[in-house]
Amino acid sequence: MIEVKNLTKRYGSNVAIDHVSFSVDEGTIVGFLGPNGAGKSTTMNIITGYLSASEGSVTVSGHSILDEPSEVKKLIGYLPEMPPLYMDMTVKEYLNFMYDLKKVTIPREKHIQEICSLVKIKDVYNRLIANLSKGYKQRVGIAQALLGNPPVLILDEPTVGLDPKQIIEIRNLIKNLGRNHTVVLSSHILAEVQAVCERILIINKGVIVADGTPDKLSHDLTSDHRLVARIEGEEREVLHNLRTIKNVVEVQSFGEKEPGVYEYSIEGAPEKDLRRDLFACCTRFGTPILALRNSDLSLEDVFLRLTSDTYVPKALQQPAVTAAPEAADSETKGGDQA
């Protein structure tokens with residue numbers, strides 16, 4: 001759906017984004033993360049056509065933003081960090097104005113009412129935007145992005161400044177929108193991204209430093225893959241039972257956490273999933289598991305590690321030392337002669 005290739009943006013000698021490449025499949029919700037000044041908004045503004053790139057290309061559903069900007073803009077609904085609202089208009093006046101501005105061809109009244117129902121702003125439809133709460137203003141901003149039913153939604157900090165209840169409401173709305181749209185979501189609230197997004201892109205200093213699911217990023221950044229379980233039963237017996245599980249490398253007890261309930265650290269062999277065997281073992285010996293979690297990094301840990309000053313992306317790491325070209329050539333020639 002979205003294809004970004006070698007995207008670069010320079011402001012004089014300053015490089016805001018440096019040969020950024022990624023693709024987004026149709027019908028997915030992608031989280032776009034990075035610290036302030038990392039290049040998130042610049043990238044999103046180029047994808048939506050609000051900025052031009054110094055190098056590289058962006059295509060949306062096969063249409064180039066450079067060659068067919070009008071076609072691409074029809075395919076994208078964009079909510080900037082500061083929603084483009086006119087405070088002296090009512091919600092009704094504003095959505096009708098944006099309907100005309102975007103040259104939407106879907107029957108006006110029915111289309112606008114469907115969007116208002118979806119984002120839950122029908123009860124403020126005739127009120128001045130200036131008098132709405134921050135949460136309702138965000139909803140109106142999302143409503144304008146949905147005009148014309150674009151297949152792609154790009155949402156830049158959609159929950160900034162909202163209270164916890166409003167954040168949950170907008171989060172649920174984004175999940176619902178993800179059923180029928182491709183969504184690129186930028187946010188500083190990592191719990192929100194983890195709850196909503198199927199895939200995460202992390203950008204730092206203008207370079208993509210990570211791309212994958214939250215679980216994969218967490219797993220790949222640490223070599224410590226342990227299960228931490230709270231199990232009811234006699235400590236010595238449970239320790240013995242856990243050590244009989246296939247592929248278990250080490251078991252430690254963290255002591256009694258509740259009456260008769262102990263917490264254990266269970267380390268498995270690399271790339272081995274112990275959960276099913278652990279449940280089978282505890283079921284067999286009548287020692288119920290009351291809590292279970294893994295020790296992989298949280299999304300916050302992943303973000304902080306990937307955006308630290310000491311982290312070097314794989315693309316920038318020095319390659320391993322290989323055989324000298326002459327040696328490689330002689331080996332090739334020898335193979336050819338054989």
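Axes here are lines fitted to C-alpha atoms, for helices over the stretch in contact, and angles run from 0 to 180 degrees between N-to-C directions. Helices (H or I, at least four residues) and strands (E, at least two) are DSSP runs, numbered from the N terminus. The model is predicted: local features need pLDDT of at least 70, side-chain atom pairs count only at pLDDT 80 or more, and totals for chains, interfaces and linings use all residues. Residues are numbered from 1 along each chain as its sequence is written, and side-chain values use heavy atoms, with hydrogens and water left out.

**Exercise 1.** Describe how helix α5 packs on helix α6.

Solution. Step 1: take the axes of α5 (residues 134-146) and α6 (residues 164-177); they come within 10 Å and cross at roughly 15°. Step 2: classify the angle. Angles under 35 degrees count as roughly parallel, over 145 as roughly antiparallel, 65 to 115 as roughly perpendicular and the rest as oblique; α5 is therefore roughly parallel to α6. Step 3: list the contacts (heavy atoms within 4.5 Å). From α5, Gly135, Arg139, Ile142 and Leu146 meet Gln166, Glu169, Ile170, Leu173 and Leu177 of α6. Step 4: sort this contact by class, which gives 5 nonpolar, 2 polar and 2 charged residues. In this scheme Ala, Val, Leu, Ile, Met, Phe, Trp, Tyr, Cys and Pro are nonpolar, Asp, Glu, Lys and Arg charged, and the others, Gly among them, polar.

**Exercise 2.** Establish how far strand β3 is enclosed, and name its pairing partners.

Solution. Step 1: apply the burial cut-offs (buried under 20% relative accessible area, exposed over 50%, partly exposed in between; 1.4 Å probe, protein chains only). In β3 (residues 29-33), 5 of the 5 residues are buried, so the strand is largely enclosed by the rest of the structure. Step 2: separate the two directions. Ile29, Gly31 and Leu33 point one way, Val30 and Phe32 the other. Step 3: find the partners, given that two strands pair if DSSP finds at least two bridges between them. β3 pairs with β8 in the parallel sense over 4 bridges, with Ile29 opposite Val183. β3 also runs parallel to β9 (residues 199-204), joined by 4 bridges, and here Val30 stands opposite Arg199.

**Exercise 3.** Characterise the surroundings of Thr182.

Solution. Step 1: locate Thr182 in strand β8 (residues 182-186). Step 2: read its relative accessible area, 0%, which means that Thr182 is buried. Step 3: leave aside neighbours within four places in sequence; the contacts of Thr182 then include Met1, Asp25, Thr28 and Pro151.
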